[in-house]
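Please look over the sequence and the model below before reading on. The paragraphs that follow go through the helices, the loop, the pocket and a few residue pairs.

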Amino acid sequence: MKNIKWIFVFYSLAALLSMAGIGIAVGLRSIPGILLAILLLCLIMGMGFKKKKEMREAGLL
């Protein structure tokens with residue numbers, strides 16, 4: 001565990017915050033907030049998977 005990939009830690013924290021945003025938006029009954037948080041979650045997850053693929057292809061993982 002010495003070789004931590006910090007970029008993935010940041011992606012996971014950003015995804016966690018957007019999931020929390022979904023919960024907050026549901027609590028506030030805000031449809032635009034829910035949709036925005038879901039869109040943000042999809043974008044963050046997509047960027048994370050894309051970065052992982054690039055790093056795997058470059059032999060860094």
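In which hand, left or right, does α1 pass α2 in their crossing? This is a predicted model, and in it the crossing of α1 with α2 is left-handed.

The two elements concerned are helix α1, residues 6-28, and helix α2, residues 31-57. Their axes come within 8 Å and cross at roughly 165 degrees. An angle over 145 degrees counts as roughly antiparallel, and α1 and α2 are therefore roughly antiparallel to each other. In the contact of α1 with α2, 17 residues are nonpolar, 4 are polar and 2 are charged.

Between the helices comes a loop. R29 is found there, in the loop between α1 and α2. Its backbone has a feature to check: phi of R29 is near 55 degrees, a positive value in a residue other than glycine. As for the surroundings of this residue, R29 has a relative accessibility of 75% and therefore counts as exposed, the cut-off for exposed being over 50%.

Next, the residue A25, which lies in helix α1. Is A25 buried or exposed? With a relative accessibility of 7%, A25 counts as buried, because buried means under 20%. A25 can be paired with L35: the two are 10 residues apart along the chain, and their C-alpha atoms are separated by 8.9 Å.

L13 also has its place in helix α1. Its relative accessibility is 44%, so L13 counts as partly exposed; that class covers the range between the 20% and 50% cut-offs. From L13 to I44 the sequence separation is 31 residues, while the C-alpha to C-alpha distance is 9.9 Å.

A further pair starts from K51, a residue of helix α2. K51 has a relative accessible area of 29% and is therefore partly exposed. K51 and Y11 are 40 residues apart in sequence, and in space they are 9.9 Å apart, C-alpha to C-alpha.

Two of the residues just named, I44 and Y11, return in the lining of the largest pocket. Which residues line this pocket? The lining consists of F8, Y11, S12, A15, I44, M45, G48, F49 and K52. How much space lies in the largest pocket? The volume is about 180 Å³.

Both helices take part in this lining, since α1 and α2 each supply at least two of its residues. The element that gives the most is α2, with 5 residues. Sorted by class, the lining of the largest pocket has 6 nonpolar, 2 polar and 1 charged residues.

To go back over the main points: α1 and α2 are roughly antiparallel to each other and pass in a left-handed crossing. The loop between them holds R29, with its positive phi. The largest pocket has lining residues from both α1 and α2.

Definitions and conventions:
Residues are numbered from 1 along each chain as its sequence is written. This is a predicted model: local features need pLDDT of at least 70, side-chain atom pairs count only at pLDDT 80 or more; totals for chains, interfaces and linings use all residues. Side-chain values use heavy atoms; hydrogens and water are left out. Axes are lines fitted to C-alpha atoms, for helices over the stretch in contact, and angles run from 0 to 180 degrees between N-to-C directions. Helices (H or I, at least four residues) and strands (E, at least two) are DSSP runs, numbered from the N terminus. Angles under 35 degrees count as roughly parallel, over 145 as roughly antiparallel, 65 to 115 as roughly perpendicular and the rest as oblique. A crossing is left-handed if the near helix is turned anticlockwise from the far one by less than a right angle, and right-handed if clockwise. Ala, Val, Leu, Ile, Met, Phe, Trp, Tyr, Cys and Pro count as nonpolar, Asp, Glu, Lys and Arg as charged, and the others, Gly among them, as polar. Buried means under 20% relative accessible area, exposed over 50%, partly exposed in between (1.4 Å probe, protein chains only). On a 1 Å grid over the protein atoms alone, a cavity is a set of points where a 1.4 Å probe fits but cannot get out, and a pocket is an open set with protein on both sides within 12 Å along at least five of seven lines; lining residues have an atom within 4 Å of a point. Grid points are joined across faces, edges and corners, and a volume is the space filled by probe spheres set on the points.
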